[in-house]
Amino acid sequence: MQGSKKGFAAFVLEKNPNVKVVHCLIHREELMSKCLPKALKAVMKDVVKVVNFIKSSGLRSRIFANLCESMEAEFSCLLYHTEVRWLFKGKVLTRMIALRQDIRMFFESQQKSFEFLNSEKWWTSVTFLNDIFEKLNSLNVSMQGSEENILTLSGKLKGFKDK
């Protein structure tokens, strides 16, 4: 239906070549997230390493959950990050920040060291990255719904870009 040679887009462009065809406005933010500076990409990789280390073993995951419960943490587990569900990045980072102390204690008890977990600069970068993804996620949520059209979406994207 969307095809540029036989689909609706081709039909419209045949009738009016000045029409701008847009596949999906919502997923442009994912493209932006792939253009992050190297330092922030490295921070995201580190976050994924920590989460994967804890979540990759059922035993480690249960130990971490018990630790969180005993410390009366807001959450008792971390969330997996997957490239398929890119809107999830913000939630993974938010959970990581909320469980910051628990994560540090867990790695001390496991005698496993990720040195960056003790760096305030690294945690500041995680928080900054979290803020970026929170803004992108709220923009994406606002762009979804049956009342949205190309005009309202373009206006929201322009407003976001101008901010």
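Asp-46 and Lys-49 sit three residues apart, about one turn of the helix, and both belong to helix H3, which spans residues 38–55. In this predicted model, the two residues form a salt bridge in which the closest N and O atoms are 3.8 Å apart, a distance that counts because the cut-off for such a pair is within 4 Å. The two partners do not share one environment: Asp-46 is buried, with a relative accessible area of 14%, whereas Lys-49 is partly exposed, with a relative accessible area of 46%.

**Overall architecture**

The protein as a whole contains eight helices and zero strands, so that its pattern along the sequence reads α-α-α-α-α-α-α-α. Of its 163 residues, 36% count as buried, and the protein exposes about 10700 Å², of which carbon and sulfur atoms supply 58%. Among the contacts with a separation of 6 or more, 61% are accounted for by residues that lie 24 or more positions apart.

**Salt bridges**

The structure holds five salt bridges, and three of them are set out below, including the pair in helix H3 already described.

| Pair | N to O distance | Location |
|---|---|---|
| Asp-46 and Lys-49 | 3.8 Å | helix H3 (residues 38–55) |
| Glu-120 and Arg-104 | 3.3 Å | helix H7 (residues 120–142) and helix H6 (residues 100–110) |
| Lys-158 and Asp-162 | 3.0 Å | helix H8 (residues 150–162) |

The side chains of Glu-120 and Arg-104 meet in a salt bridge at 3.3 Å, N to O. This pair links distant parts of the chain, since Glu-120 lies in helix H7 and Arg-104 in helix H6, with their positions 16 residues apart. Here Glu-120 is partly exposed, with a relative accessible area of 48%, while Arg-104, at 17% relative accessibility, counts as buried because the limit for that class is under 20%.

Toward the end of the listed helices, Lys-158 forms a salt bridge with Asp-162, their closest N and O atoms being 3.0 Å apart. Both residues lie in helix H8, four residues apart, about one turn of the helix. Asp-162 counts as exposed at 55% relative accessibility. Elsewhere, salt bridges that share partners join Arg-100, Arg-104 and Glu-120 into one network.

Which residue of the pair Asp-46 and Lys-49 is buried? Asp-46 is the buried one, at 14% relative accessible area, and Lys-49, at 46%, is partly exposed.

How values were computed: Residues numbered from 1 in each chain as written. Predicted model: local features only at pLDDT ≥ 70, side-chain atom pairs only at ≥ 80, totals over all residues. Heavy atoms only, no water. Helix = DSSP H or I, 4+ residues; strand = E, 2+ residues; numbered from the N terminus. Buried < 20%, exposed > 50% of the residue type's maximum accessible area, 1.4 Å probe, protein only. Contact = heavy atoms within 4.5 Å. Areas by Shrake-Rupley, 256 points an atom, 1.4 Å probe, with all protein chains shown as cover.
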